[in-house]
Amino acid sequence: MQSLLPAIYPILKTAYHLDFTQVGLIGLTYQLTASLLQPVIGFYTDKRPQPFSLPIGMCVTLCGLLALSTAHVFLAIVAAAALMGIGSAVFHPESSRVARMASGGRHGLAQSLFQVGGNSGTAMGPLLAAYIVLPRGQQSVALFTLVALLGIIILTQVGRWYQKARLEYAARRVHYREPAHRLSRARILGSIAILGALIFSKYFYLASLTSYYTFYLISRFHLPVRSAQLYLFLVLGAVAAGTMIGGPVGDRIGRKYVIWASILGVLPFTLALPHVNLFWTGVLTVIIGLILASAFSAILVYAQELIPGRVGMISGLFFGFAFGMGGLGAAALGRLADATSITFVYQVCAYLPAIGILTAFLPDLEKKLL
């Protein structure tokens with residue numbers, strides 16, 4: 001549902017005569033409302049878990065969809081984006097805790113399964129926009145409130161399971177805390193800062209794809225909007241597939257190796273992208289999405305192991321920071337596109353994965369925990 005917002009950017013830009021800076025501000029509003037609230041909510045729910053925050057978050061998203069379907073001025077679109085961001089902020093911290101509680105100890109796999117649901121939904125956004133919203137108009141976004149209602153019903157049942165499971169664990173005095181790694185406070189904070197830099201690299205680049213890839217294809221290769229949306233679907237589908245890879249591979253070989261490969265390993269492909277034809281643009285962006293997406297599950301579980309017992313706060317912090325970087329990226333890249341060109345945006349973003357070299361300074365937690 002939330003992926004409908006960036007998926008209909010070309011429709012909104014044409015209908016309301018928006019420039020790239022305004023498109024970026026819509027994305028920034030959504031991402032910032034999500035990012036700023038998530039760490040606060042995660043910190044609160046670590047102390048006072050809220051099983052029914054899951055359906056509540058979905059209710060707020062439903063309101064955002066209704067607002068988006070009826071918005072006819074720029075500020076109303078921004079307000080709808082803010083509601084959708086708030087819904088995301090309420091949902092993610094507790095849902096990460098539920099995924100971890102249900103993992104049976106395979107934390108990377110559980111986190112990947114959880115995130116691949118979101119990324120698969122994100123991949124569906126361009127298809128929904130191309131075949132439902134584009135022919136029927138912006139008002140058809142309201143149809144997806146039916147999906148939100150179904151989500152509220154399902155998440156209410158998940159909340160009940162979560163509430164019951166917490167009581168059972170409390171009665172058995174089960175505590176899910178990882179072994180101490182004995183790293184100093186300074187080393188932990190330094191590692192968190194490095195992970196933040198890697199998130200910056202990943203989500204700034206992904207912002208260039210989710211917000212501006214269709215415009216790039218339309219501008220450079222003169223594709224119609226529907227065809228450009230199908231290319232975006234392929235990229236976001238690759239992102240969903242890549243998300244599923246990172247977690248379980250990290251469980252097996254170590255999360256640091258996955259982080260290395262998924263950030264720095266994508267650099268040759270991003271450098272080549274601005275200089276190839278349409279066919280190779282499609283191929284390279286699928287490869288980029290597949291490799292780059294494998295990082296987040298590994299980064300999040302690595303951070304949870306750095307600071308055990310703070311699942312909600314860490315999940316909220318990293319989801320929030322990821323969303324914030326996506327929003328800042330959308331706004332900054334939109335401004336850059338207005339000042340230069342959409343092609344120049346991809347030439348600049350090509351160097352972002354080089355930040356992955358910072359992975360060398362992360363401690364090897366698997367060895368520390370032995």
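The following questions and answers go through parts of a predicted model.

Visitor: What kind of model is this, and what are its limits?
Guide: Residues are numbered from 1 along each chain as its sequence is written, and side-chain values use heavy atoms, leaving out hydrogens and water. Local features need pLDDT of at least 70, side-chain atom pairs count only at pLDDT 80 or more, and totals for chains, interfaces and linings use all residues, since the model is predicted.

Visitor: Which helix gives the largest share of the largest nonpolar core?
Guide: A nonpolar core is a set of buried Ala, Val, Leu, Ile, Met, Phe, Trp, Tyr and Cys residues joined through side-chain atoms within 4.5 Å. Buried means under 20% relative accessible area, exposed over 50%, and partly exposed in between, with a 1.4 Å probe and protein chains only. The largest core has 86 residues, and those touching the most other members are Leu-195, Tyr-205, Tyr-212, Phe-318 and Tyr-346. The largest share of this core, 17 residues, comes from helix H8 (residues 185–221).

Visitor: How many residues are in the other core that lies apart from it?
Guide: Among the members of this other core are Met-101, Ile-152, Leu-155 and Ala-165. Its size is 10 residues.

Visitor: Why are the buried residues of H15 on the same side of the helix?
Guide: Helices are DSSP runs (H or I, at least four residues), numbered from the N terminus. In H15 (residues 342–349) the buried residues are Ile-342, Val-345, Tyr-346 and Cys-349. An α-helix has 3.6 residues a turn, so residues three or four places apart point the same way. The four are on the same side of H15 because the arc they cover around the axis, taken from the directions to the C-beta atoms, is only 90°.

Visitor: Which helices are included in what covers the buried residues of H15?
Guide: One of these buried residues is Tyr-346. Contact means heavy atoms within 4.5 Å, and Tyr-346 touches residues including Tyr-205, Leu-209 and Tyr-212, not counting residues up to four places away in sequence. The cover includes H8 and helix H14 (311–339).

Visitor: At what angle do the axes of H10 and H13 cross?
Guide: Axes are lines fitted to C-alpha atoms, for helices over the stretch in contact, and angles run from 0 to 180 degrees between N-to-C directions. Val-258 and Ile-259 are among the H10 residues that meet H13, where Ala-298 and Tyr-302 are among the partners. The axes of H10 (residues 255–263) and H13 (residues 295–306) come within 9 Å and cross at roughly 145°.

Visitor: Is Ala-81 buried or exposed?
Guide: Ala-81 lies in helix H5 (residues 74–101). Leaving aside neighbours within four places in sequence, Ala-81 is in contact with Leu-5, Ile-26, Tyr-30 and Thr-33. With a relative accessible area of 0%, Ala-81 is buried.

Visitor: What is the phi of His-17?
Guide: Most residues other than glycine have a negative phi. His-17 is in the loop between helix H2 (9–15) and helix H3 (20–47), and is exposed, with a relative accessible area of 70%. Although His-17 is not a glycine, its phi is positive, about 55°.

Visitor: Where is His-222, which has a positive phi?
Guide: His-222 is not a glycine, yet has a positive phi of about 60°. At a relative accessible area of 65%, His-222 is exposed. The place of His-222 is the loop between H8 and helix H9 (225–253).

Definitions and conventions: Helices (H or I, at least four residues) and strands (E, at least two) are DSSP runs, numbered from the N terminus.
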